[in-house]
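Visitor: Please take a close look at a single part of this structure and describe how it is built into its surroundings.

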Amino acid sequence: MTARMLPVPDGLDGMRVDAGLAKLLGLSRTVVAELAESGEVRLDGRQAGKSDRLTAGGLLEVTLPEPEQPLSVVAEPVEGMRILHTDEDIVVVDKPVGVAVHPSPGWTGPTVVGGLAAAGLRISTSGAAERQGVVHRLDAGTTGVMVVAASEQAYTTLKRAFKERTVDKGYHALVQGHPDPTRGTIDAPIDRHPRQDHKFAVVAGGRPSITHYEVIEAFRAASLVDVKLETGRTHQIRVHFSALRHPCVGDLTYGADPVLARKLNLSRQWLHARKLGFAHPADGRWVEFTSEYPADLAAAVDTLRAES
């Protein structure tokens, strides 16, 4: 363990501990929040919580764990992963369920970057070793289209495009019940769940998060919804629709009905990255890629249609 002492600069006065300390140390807010929750952050001699406020001139004491060995990418074929497009700058894939985008602590399953390595596809070397070429992510339980940067220029250009929200990210979600109105915008900040660290939630003071939606087909127990993301927070669609009391069908983590999930034979959330459009990093021309529903999601919709 390494102890560090840091004076609070004027520019961070009034900022939350997790946000301010993340800026000072160059760590993610999630990592800093975990340090605070485990008692490793003190402010002026007192233990500080992640949501406490900093005071200019105060003294932060932080105990940092020893750095972990970097994760490595294992070249391993990924069953069911299709390459939709490849060129010198980008690789567009159709990600199957049960596949993470890149290695992470505790994940032992297949990854997109491992599958690309096994296929002999070159990707950008920008980014952390285990996330090279990764410019955006999908949950392991979410299927659909995503892009990986193949060149260094593409990595920089695409990272900027996602940050500046010029990428068209279109999802389809099957949500419980019938959202009212049938077309709208969910504008609600998201952060780590205050009590369950593996979840996220709508939290005052969280990161701004905006989801646009439109119901495209209504069934007796659920609605098929077209979703456009303006921001890209972790679990954003799942959290926002759960907050509306219309969780994604099959999403037991966020309050979905297990009876309906069993009836539709779903073992994960009904959420699919249907379309991805962006300016090609080589020449700026607009390109779009789409992904068809995988078998489990298509079967669930067919069952609902037959009953309606």
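**A strand and its partners**

Guide: In strand β7, the bridge partner of V93 is M146. Strands (E, at least two residues) and helices (H or I, at least four) are DSSP runs numbered from the N terminus, and two strands pair if DSSP finds at least two bridges between them. This is a predicted model, in which local features need pLDDT of at least 70 and side-chain atom pairs count only at pLDDT 80 or more, while totals for chains, interfaces and linings use all residues. Residues are numbered from 1 along each chain as its sequence is written, and side-chain values use heavy atoms, with hydrogens and water left out.

Six bridges join β6 to β7 (residues 143-149), and these two strands run antiparallel. Strand β6 itself covers residues 90-95. Four bridges join β6 to β5 (residues 82-86), again in antiparallel fashion. Here T86 stands opposite V91 of β6. The strands β5 and β6 form a hairpin, with three residues between them.

The surroundings of β6 can be described further. The strand is mostly covered, as six of its six residues are buried; buried means under 20% relative accessible area, exposed over 50%, and partly exposed in between, with a 1.4 Å probe and protein chains only. In a regular strand the side chains alternate between the two faces of the sheet. Both faces of β6 are covered: I90, V92 and D94 are buried on one side, and V91, V93 and K95 are buried on the other.
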